[in-house]
Amino acid sequence: MSQTIAELNEHFAIRDHVTFHEDEPGMVKLRIATSASEATLYLQGAHLTQWTPTGQSPVLYLSPKSALAPGKPIRGGIPVLFPWFGPRWNADAVAVTSPMHGFARVTVWTLERTHLDPNGDVHITLSLPPDETSRSLGYDHFATKMDFRIGAELHMAITVTNRGAEPMVFEEGFHTYFAVDDVKEVLLDGLRGSTYLDKRDDMIRKVQRESLFRFTRDVDQVHVKTAEALTIHDTNRQIHIAKEGSQTTVIWNPWTVLTPGLPDLAEDSWTHFICVEAVNAMDDRITLAPGATHGMSTTVRLTDKKR
Ligand SMILES: O=P(O)(O)OC[C@H]1O[C@H](O)[C@H](O)[C@@H](O)[C@@H]1O
């Protein structure tokens with residue numbers, strides 16, 4: 001049974017800090033105000049669509065043309081991808097018909113807890129138990145949890161437990177759309193020396209040679225075996241991204257090349273974001289023993305640019 005706005009406001013609202021709303025039919029969201037930032041979190045997908053530290057412009061890009069409707073992926077913010085990344089492959093490496101990037105991003109999560117820290121941060125916990133859809137896709141015995149800590153920094157963690165008797169294989173990712181002034185001016189630090197699969201070039205394996213990555217065309221790269229922290233150098237600020245329990249970093253921008261095929265992006269959206277994603281996929285997919293738990297988390301903070 002899904003949680004109603006009235007129940008949520010009764011059990012989980014925190015005066016002046018956490019309130020529940022349904023501005024779009026069927027799409028319940030939390031408005032979060034902390035001493036240092038504001039945020040918006042949808043129950044569908046445990047999807048953060050806004051995080052804005054006080055005095056800053058939004059850190060996350062949300063497409064003005066995004067669907068905000070039940071069962072439709074949201075274009076922007078931080079889609080949570082689970083239990084596979086990209087299209088789903090069977091044991092013979094053939095793509096099978098299943099929702100792109102897994103079912104978690106289009107499933108309504110259950111709100112478990114809201115909490116205001118004495119330091120002013122807001123904590124939110126949501127869970128995603130197995131349901132009819134996950135079972136029909138072969139995922140029956142698992143428990144998945146998302147924890148958010150929202151304040152001057154953003155911290156988010158996904159925890160997956162295998163409740164079955166067999167090993168559980170899965171992929172996961174935070175597909176974060178970082179807002180930038182102009183993609184062509186951005187420098188991305190933290191990928192040097194990593195091996196990546198170039199999705200634009202037949203999945204050929206290449207090595208990142210430059211220490212600062214520049215976006216000069218459409219980009220879709222899966223960097224494996226890297227837990228390095230990353231920094232986005234934007235025009236007026238730096239966005240620092242640390243990650244734990246994540247061995248894959250994916251970078252993506254559709255440029256003018258892929259944008260026409262993505263109706264939920266505006267014509268110029270691609271100039272205003274880069275996706276830098278904390279992931280475990282491909283070479284780094286997770287195999288969990290029965291009863292075992294795996295966690296992946298990321299922490300994002302801003303600094304002003306010093307030149
Ligand atoms: O359009 P979506 O399903 O949200 O996927 C958007 C993109 O996500 C990831 O970054 C993948 O590496 C891309 O291949 C994909 O195009």
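Start by selecting His175, which sits in the loop between strand 13 (172-174) and strand 14 (177-179). Keep in mind as you go that this is a predicted model.

**Stop 1: His175 and its partner.** Now add Glu277 to your selection. The UniProt record, an unreviewed entry, carries the annotation "active site" for His175 and Glu277. The two span 103 residues in sequence, yet their C-alpha atoms are no more than 4.8 Å apart, so they gather at one spot. Both His175 and Glu277 belong to the lining of the largest pocket.

**Stop 2: the ligand.** What fills that pocket? The space of the largest pocket is the one taken by the ligand. Show the ligand as sticks, then display the side chains of its shell: Arg75, Phe85, Met100, His101, Arg105, His175, Lys199, Asp220, Val250, Trp252 and Glu277. If you color this shell by residue character, you will find 4 nonpolar, 2 polar and 5 charged residues.

**Stop 3: polar side chains at the ligand.** Which distances are worth displaying here? Begin with His175 again: an N or O atom of its side chain is 2.6 Å from an oxygen atom of the ligand. Next, pick Arg75, where a polar side-chain atom lies 3.0 Å from a ligand oxygen. Then move to Arg105, which also places an N or O atom of its side chain 3.0 Å from an oxygen atom of the ligand. To see how covered the ligand is, turn on the protein surface: of the 390 Å² that the ligand exposes when taken alone, the protein buries 86%.

**Stop 4: a cis peptide bond.** Leave the ligand and select Phe82 and Pro83. The peptide bond from Phe82 to Pro83 is cis, its omega being near 0 degrees. You will find Pro83 in the loop between strand 5 (80-81) and strand 6 (88-89).

**Stop 5: a positive phi.** Finish at Lys225, in the loop between strand 19 (219-224) and strand 20 (230-233). Here phi is near 55 degrees, a positive value in a residue other than glycine. Why pause at these last two stops? Because most residues other than glycine have a negative phi, and most peptide bonds are trans.

Definitions and conventions. Residues numbered from 1 in each chain as written. Predicted model: local features only at pLDDT ≥ 70, side-chain atom pairs only at ≥ 80, totals over all residues. Heavy atoms only, no water. Near = heavy atom within 4 Å. Polar contact = N/O pair within 3.5 Å; in protein donor to acceptor, adjacent residues only side chain to side chain. Areas by Shrake-Rupley, 256 points an atom, 1.4 Å probe, with all protein chains shown as cover. 1 Å grid on protein atoms, 1.4 Å probe; cavity = no way out; pocket = protein on both sides within 12 Å on 5 of 7 lines; lining within 4 Å. Sits in = over half its atoms within 2 Å of the grid points. Nonpolar A, V, L, I, M, F, W, Y, C, P; charged D, E, K, R; others polar. UniProt positions renumbered as here; feature names shortened; annotations may be inferred. Helix = DSSP H or I, 4+ residues; strand = E, 2+ residues; numbered from the N terminus.
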